[in-house]
Each structure stands twice: as C-alpha cells, then as structure tokens.
Amino acid sequence: MKYFSFMFLLLLSLMGTAMADDAKPSISDPAWLTDARASIKAEKYDQAIRQLQAANETNSADWNNLLGYSLRKKQPPDLVGSEKYYQAALKIDPNHRGALEYYGELKLMNKDLPGAEALLARLDKACTFGCEEYSDLKEAVKKYKSKN
C-alpha cells in the first residue's frame with residue numbers, strides 16, 4: 001500500500017509539471033508576465049503587446065512566446081512577426097511547450113501541415129506523460145486534415 005501511495009503522489013507531481021511554463025501563474029512571476037497574461041486572457045492583444053514590449057525581456061522564452069501569441073491573435077494578425085518570436089522562444093528553450101503548440105498552430109494557419117506535424121512530434125517528446133499543449137495541437141492538426 002505504501003508503494004501505491006508513493007507512486008500515486010509521484011504521478012501527481014509529474015502531472016503538475018505538464019503545464020506550459022507561461023500558462024500557470026506563480027507568486028514569483030514578474031509583474032510584466034502577470035499583466036500580459038491578464039491582457040491575453042481578456043483578449044486585449046494590442047495591450048498585451050504594449051506591455052510585453054515595455055518589459056523588453058528578450059532573453060525570456062515566455063516573453064517571446066507571449067509576444068508571438070499576441071501578434072498572431074490580434075486583428076489584423078502579424079504572422080511574420082509572430083513566427084519570429086516563436087522561433088526566438090524555441091531558441092532559448094527548445095522544449096517550451098507553449099511555443100511548440102502555438103507555433104504549430106501558426107504553421108497550420110500558413111498551410112504548412114508538415115511543419116505543424118514536426119512541432120507536434122517535438123511536443124510529444126517534451127510531454128513525458130502527455131500534456132494539454134500536445135492534445136490541443138493534435139486536435140488542431142486533426143481538424144486541419146479533415147478540412148483539406
């Protein structure tokens with residue numbers, strides 16, 4: 001019974017690490033990250049872009065990922081700029097799950113199914129026991145395939 005309890009707690013702790021680095025707020029998050037996430041959640045992408053640009057945390061994978069996301073979601077979207085920031089995020093952290101998912105979605109927007117599938121394969125390796133980012137991109141690829 002002790003072994004089962006230990007394994008259950010171990011599994012729960014590992015599942016907790018399946019969240020994207022930029023998806024789960026933490027007390028230790030800098031103000032710019034908390035503010036940008038709140039703006040994105042409220043779908044105020046131009047505001048998030050201004051907040052992120054003001055912070056200018058270019059060496060942060062989260063910063064690059066959120067800027068790429070905001071540029072992709074704003075109207076009209078800036079897909080070229082978005083790609084630049086996703087690539088920067090992945091250069092800093094090649095296993096950044098948020099950037100892998102969102103860059104894969106951008107690839108689908110640009111009708112690049114092989115590129116999206118390559119990012120999905122990278123996510124599969126980055127998510128030891130599966131993760132939301134992998135499931136979301138897998139579903140997006142599936143929908144893309146059914147429409148094309």
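**Loops, helix pairs and a core**

Hi everyone, let's start at Pro 76, which lies in the loop between α4 and α5. The peptide bond leading into Pro 76 from Gln 75 is cis, with omega near -10°. A word on where this comes from: the model is predicted, local features need pLDDT of at least 70, side-chain atom pairs count only at pLDDT 80 or more, and totals for chains, interfaces and linings use all residues. Residues are numbered from 1 along each chain as its sequence is written, and side-chain values use heavy atoms, without hydrogens or water.

Now the overall layout. The chain has eight helices and zero strands (DSSP runs numbered from the N terminus: H or I of at least four residues for helices, E of at least two for strands). Reading from the N terminus, the order is α-α-α-α-α-α-α-α. Of the 148 residues in the chain, 41% are buried (under 20% relative accessible area with a 1.4 Å probe, protein chains only; over 50% is exposed and in between is partly exposed). Take the contacts (heavy atoms within 4.5 Å) with a separation of 6 or more: 51% of them join residues 24 or more positions apart.

Two other loops have a backbone detail to look at. Glu 43 sits in the loop between α2 and α3, and its phi is near 60°, a positive value in a residue other than glycine. Glu 43 is exposed, at a relative accessible area of 59%. Further along, Lys 111 is found in the loop between α6 and α7. Lys 111 also has a positive phi, near 60°, and is a residue other than glycine. Its relative accessible area is 66%, so Lys 111 counts as exposed.

On to the helix pairs. How do α7 and α8 cross? The axes of α7 (residues 113-126) and α8 (residues 132-147) come within 10 Å and cross at roughly 155° (lines fitted to C-alpha atoms over the stretch in contact, with angles from 0 to 180 degrees between N-to-C directions). That is why α7 and α8 are described as roughly antiparallel to each other (over 145 degrees; under 35 is roughly parallel, 65 to 115 roughly perpendicular, the rest oblique). From α7, the residues making the contact are Leu 113, Ala 116, Glu 117, Leu 119, Leu 120, Leu 123 and Asp 124, and α8 brings Glu 133, Tyr 134, Leu 137, Lys 138, Val 141, Tyr 144 and Lys 145.

Next, α4 and α6. Their axes come within 10 Å as well, crossing at roughly 30°, and so α4 is roughly parallel to α6. On the α4 side we have Asn 65, Tyr 69 and Arg 72, which meet Gly 98, Ala 99, Tyr 102, Glu 105, Leu 106 and Met 109 of α6.

And what about the inside? The largest nonpolar core has 36 residues (buried Ala, Val, Leu, Ile, Met, Phe, Trp, Tyr and Cys joined through side-chain atoms within 4.5 Å). Which members touch the most others? Those are Leu 52, Leu 67, Leu 108, Leu 123 and Leu 137. Two or more core residues come from each of α2 (31-41), α3 (45-55), α4 (61-73), α5 (79-92), α6 (97-109), α7 and α8. If you'd like one residue to click on, try Leu 67: beyond its neighbours within four places in sequence, Leu 67 is in contact with Ile 49, Leu 52 and Tyr 85. Leu 123 and Leu 137 should sound familiar too, as both take part in the contact between α7 and α8. Thanks, everyone!
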